[in-house]
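Me: I'm new to reading structures, and I'd like a close look at one part of this one. Could you walk me through the small sheet and then show me what sits around it?

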Amino acid sequence: AYNPMGDIQNMGNRTKSASGRCVPALSDDRLYRALAARPRRRLLYLLLERGERSVEELATLLTGWEATETGTMGAVADRDRIRTTLDHIHLPLLTDVGLVVYDRQRGTVEAEPVDPFLEELIERGVDAESQPQP
């Protein structure tokens, strides 16, 4: 039978790639709930773009992104707020879904392998956010 995911085998709400790493299945509702929040889409975009990053770097980048969008200066309080939401909301959720590996001890985050369709969806979603709305 035709397998659109190539060498990825189905494991319920998770799939396993040929390398043995588990990745979220496109049929998992938790995956779409995880992508529903703009900060998580942006976080994944940054990780898919360059791989492993520190939580500090991600907080700084997301603060700058938010400041650019609103036309304001990103303050230390804004960065602290974003850092806290990364630690307590976004990273645990993305880890639970299987989209990232968060190493609290080292303070690093790395994207798990994702289906190419999902990667394109994240990129297109983030790109669409930066387009002027009519």
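Reply: Let's begin with β4 and β6, which pair in the antiparallel sense over two bridges. Keep in mind as you look that this is a predicted model. To find the pairing on screen, pick Arg 53: its bridge partner in β6 is Val 109. In general, strands of a sheet pair through backbone hydrogen bonds, either parallel or antiparallel.

Now widen the view a little. The open sheet has three strands, in the order β4-β6-β5, and the pairing is antiparallel. The edge strands are β4 (53–54) and β5 (100–103), each of which pairs on one side only. Helix α4 packs on this sheet, where it touches β5 and β6, and its direction makes about 130° with that of β5.

While you're at the sheet, click on Thr 108, which lies in strand β6 (residues 108–111). Is Thr 108 buried or exposed? Its relative accessible area is 11%, so Thr 108 counts as buried, because the cut-off for buried is under 20%. What does Thr 108 touch, leaving aside its neighbours within four places in sequence? Its contacts are Glu 52, Arg 53, Ser 54, Val 55, Val 101, Tyr 102 and Asp 103. Among them, Arg 53 and Ser 54 belong to edge strand β4, while Val 101, Tyr 102 and Asp 103 belong to edge strand β5.

Next, follow the helix that packs on the sheet. Helix α4 covers residues 76–97, and its 22 residues should span 32 Å at 1.5 Å a residue. The end C-alpha atoms are 30 Å apart, which agrees. Look along the helix, though, and you'll find a bend of about 50° at Leu 86. Leu 86 is also one of the buried residues of α4. The full buried set is Arg 79, Ile 82, Leu 86, Asp 87, His 90, Leu 91, Leu 94 and Val 97. Here's a handy rule for reading such a list: an α-helix has 3.6 residues a turn, so residues three or four places apart point the same way. Just after α4 comes Gly 98, with a positive phi of about 95°.

From there, move over to helix α2 (residues 38–50), where you'll find Arg 42. Arg 42 has a relative accessible area of 6%, so this residue is buried. Beyond its neighbours within four places in sequence, Arg 42 is in contact with Leu 62, Trp 65, Glu 66, Glu 69, Val 126 and Glu 129.

One of those contacts, Trp 65, brings us to another stop. A search of the whole structure finds one aromatic pair. Tyr 45 and Trp 65 form this pair edge-to-face, at 6.0 Å centre to centre with 65° between the planes. Tyr 45 sits in helix α2 and Trp 65 in helix α3 (residues 55–70), 20 residues apart, so the pair links distant parts of the chain. Both rings belong to partly exposed residues: Tyr 45 has a relative accessible area of 22%, and Trp 65 has 22%.

Finally, zoom out. The protein chain has five helices and six strands, and from the N terminus on they run β-β-β-α-α-β-α-α-β-β-α. Of its 134 residues, 37% count as buried.

Notes. Residues are numbered from 1 along each chain as its sequence is written. This is a predicted model: local features need pLDDT of at least 70, side-chain atom pairs count only at pLDDT 80 or more; totals for chains, interfaces and linings use all residues. Side-chain values use heavy atoms; hydrogens and water are left out. Helices (H or I, at least four residues) and strands (E, at least two) are DSSP runs, numbered from the N terminus. Buried means under 20% relative accessible area, exposed over 50%, partly exposed in between (1.4 Å probe, protein chains only). Contact means heavy atoms within 4.5 Å. The expected span of a helix is 1.5 Å times one less than its number of residues. The bend at a residue is the angle between axes fitted to the seven residues ending there and the seven starting there. Two strands pair if DSSP finds at least two bridges between them. Axes are lines fitted to C-alpha atoms, for helices over the stretch in contact, and angles run from 0 to 180 degrees between N-to-C directions. Rings of Phe, Tyr and Trp (its six-membered ring) pair if their centres lie within 6.5 Å; planes under 30 degrees apart count as stacked, over 60 as edge-to-face and the rest as tilted.
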